[in-house]
Amino acid sequence: MSAVLQDPQLMEVNPPLVAGDPGYHDLSQKICQIVEGDVLKTPRKYWITLSVIGSITVLLVCMLTFLVWNGIGVWGNNKPVGWAWDITNFVFWIGIGHAGTLISAILFLFRQKWRTSINRSAEAMTLFAVMCAGIFPLFHTGRPWRAYWLFPIPNTDLNIWQNFRSPLIWDVFAVSTYFTVSLLFWFTGLVPDLATLRDRTASRLKQWIYGLLCMGWRGSARHWSNYEKAYLILAAISTPLVLSVHSIVSFDFATSVIPGWHTTIFPPYFVAGAIFSGFACVMTLLLIARWTLNLQELITIKHLENMNKIILVTGSIVGYAYGCEFFIAWYSGNTFERFTFLNRAFGPYWWAAWTMYTCNVFIPQLYWFKKLRRNLWVMFVISITTNIGMWFERFVIIATSLTRDFLPSAWGEFHPTWVDMCTFAGTIGLFLTLFLVFARFLPMIAISEVKGVLAVQKHQFKGQEVIAK
Amino acid sequence: MNPKFDVDQIKDKLGLGPDKIYGVMGEFSEPEELVEAGRKIREMGYTKLDAMSPFPVHGIDEAIGVPPSKLGWMVIWFTVLGILTAQILIWYVGAIDYPLVIGGKPLFDFSYTIPITFELAVLFSAFASFFGIFIFNGLPRLYHPSSKHPSAYRASDDRFLLVIEAADPKFDAGKCVEHLRSVGADVVEVVEG
């Protein structure tokens, strides 16, 4: 069997998704040992990293407290830029989340087996990114304790219903549905793995906790039959959902009359950008996890290369959208629209626009070369520049359009305050803290799904062995 | 204490206890063996079969006769419920309970209800499929007799178990053990309820 796996010709055409030909038990062992280790014996570098990142999260709490105490004037938002870093960060984080759902749902429907090694961590990343995203609009309301006013809940202190003709309320529904469905999807995938953890542990307390969490899962054929049906349905409904969420986010802009916002290209353009930035973020996190937790056999170069191909495709779609926007601005003959786009590239925020073009359009083109697509350092750097570029994309769209709209007398500039900066840094801290805790205490790779792939792989190579004979 | 609370009676109802038998279980180490054995056992005329595996095994449903999942039907009804909820909510709120003219737009129109209708349809279907898994599987369940088999804890790791349940009309513990051994099962045991 292993002789077949090592056949160089076969490896070249179709490298195995699980390297090293492990058994089912080896897989459980490999993934579970990270979770099962004694908490007190966790390597010191983990605690040091966690405390550094955790203190950035504390900074977030301080900034939000400061904001609630003083009011949102501590942010740099002011006329004419009423939406600034808060919405930029909101769109940025929501966008990052999209890759998780794409990997777990869309690639599932397309029968892309390579997703199994990365879907769990990508889904977790989605949840954490959406949590970070939610913070910004919630605190931008100024009175987060009145957040229930956003939902159609009968109450006696508002005495008015929401305006369902506004894209902002659509956004509330889209984002909260997205979070809930992602959470259910993620937990569904986790149930069989929690059962594995329950069956492996000798501690009575842990058996009890994992047993409750997996709700008595025993892997019966009837269980799997219903489970697979439900998983398929969740994937099928998450696919249009993930496309709808960023489309609805883009409606916040597209339905307004501000030049630079009022375009029909926004929904597909936002969705492509979201997947682009999300994949880059999954890449950053996976490269770190792969290196620190020794997961090279499960997250192979093939997985990473496939992700880089998606980054190349979506990056090019984003580049096409940029070009299309410029063309339409010129072709429309609309003075304001033309000015906005010239101002974007050559106005006071030219540096932001060119950072975005460089990071999002030019740099990912390096992935046309197979050597670069498979180089760990190259992909690590590009995954970070991509996210820098995508943050700037949202900033450019939001800030440059608002600073100079119609009348020059209403023009202005935007300057972020230290609170803006620390709050954004704080959400990065929160995101990384949650991810680090997840990677330590829950199985980072979907054990049962990888075992399914392994079974098929064994079967497949067995068949080829017969043909070779 | 409630006089109706009788442990023996409850155990009796659930089919538990030392005098009750849950079934005969045997162990396999590869999924293909499980499917093959399942098919053979079913051909011997047994109907109440079950299999436990660490991942969904392709072909086991047909082999041991697990009917196709009915979960999809429940989800469809919840999707419809989600659509109706959104439509009725937006119509009642905007056109009946608090009519407010904004920008000269109509008080209710299908076009602007599309995003929220879609989101609620997705939300309701997601809840239905998630809870469907547990409702259709009879979970959460604190205890199951199958856990008494010495390899039960490996059914979530690297072993595949086949069960002939005592509820089977053809069930006879001795013969079942023999039959399971004949199809290649290891660690064949009679498991108490």
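Reader: Which residues of helix H6 (residues 173-182) of chain B are buried?

Author: In this predicted model, B:Cys176, B:His179 and B:Leu180 are the buried residues of H6(B). A residue counts as buried if 20 or more other C-beta atoms lie within 10 Å of its own.

Reader: What puts B:Cys176, B:His179 and B:Leu180 on the same side of H6(B)?

Author: They cover an arc of only 95° around the axis, so they lie on the same side of H6(B). An α-helix has 3.6 residues a turn, and therefore residues three or four places apart point the same way. On the other side of H6(B) are B:Gly174, B:Glu178 and B:Arg181, which are exposed.

Reader: What do the buried residues of H6(B) pack against?

Author: The buried residues of H6(B) pack against four elements of chain B: strand E1 (21-28), helix H2 (31-43), strand E3 (160-165) and strand E4 (186-192).

Reader: How do you know that H2(B) has the span expected of a helix?

Author: H2(B) has 13 residues, and the distance from its first C-alpha to its last is 18 Å. The expected span is 1.5 Å times one less than the number of residues, and for H2(B) that is 18 Å, so the two values are close. Buried residues of H2(B) include B:Pro31, B:Leu34, B:Val35 and B:Ile41.

Reader: What follows H2(B), and what comes just after H6(B)?

Author: H2(B) is followed by B:Gly45, with a positive phi near 110°. Just after H6(B) comes B:Gly184, whose phi is positive at about 100°.

Reader: Which residues have a positive phi although they are not glycine?

Author: A:Arg111 is one of them, with a phi of about 55°, and B:Val187 is another, with a phi of about 45°. Most residues other than glycine have a negative phi. A:Arg111 is in the loop between H5 and helix H6 (119-140) of chain A, whereas B:Val187 is in strand E4 of chain B.

Reader: Why is A:Arg111 called exposed, and B:Val187 partly exposed?

Author: A:Arg111 has 7 C-beta neighbours inside 10 Å, and the class "exposed" takes 12 or fewer, so A:Arg111 is exposed. B:Val187 has 15 other C-beta atoms within 10 Å, which falls between the limits of 12 and 20, so B:Val187 is partly exposed.

Reader: What makes the peptide bonds before A:Pro80 and B:Pro140 cis?

Author: The bond from A:Lys79 to A:Pro80 has an omega near 0°. The bond from B:Leu139 to B:Pro140 also has an omega near 0°. Most peptide bonds are trans. A:Pro80 is in the loop between helix H4 (44-70) and helix H5 (85-109) of chain A; B:Pro140 is in the loop between helix H5 (110-136) and E3 of chain B.

Reader: How many residues of chain B are in contact with chain A?

Author: 52 residues of chain B are in contact with 49 residues of chain A. H5(B) supplies the largest share of the side of chain B that touches chain A, 16 residues. By class, that side of chain B has 32 nonpolar, twelve polar and eight charged residues.

Reader: How do you know that the radius of gyration of chain A agrees with that of a compact globule?

Author: For 469 residues, a compact globule would have a radius of gyration near 23 Å, and chain A has 24 Å, so the values agree. Buried residues make up 46% of chain A. Chain A has 17 helices and zero strands.

Key. Residues are numbered from 1 along each chain as its sequence is written. Chains are lettered from A and ligands numbered from 1 in the order in which they are written. This is a predicted model: local features need pLDDT of at least 70, side-chain atom pairs count only at pLDDT 80 or more; totals for chains, interfaces and linings use all residues. Helices (H or I, at least four residues) and strands (E, at least two) are DSSP runs, numbered from the N terminus. The arc is that of the directions from the helix axis to the C-beta atoms. Two residues are in contact if their C-beta atoms, placed from the backbone, lie within 7 Å. Ala, Val, Leu, Ile, Met, Phe, Trp, Tyr, Cys and Pro count as nonpolar, Asp, Glu, Lys and Arg as charged, and the others, Gly among them, as polar. The radius of gyration is taken over C-alpha atoms; the globule rule is 2.2 Å times the number of residues to the power 0.38.
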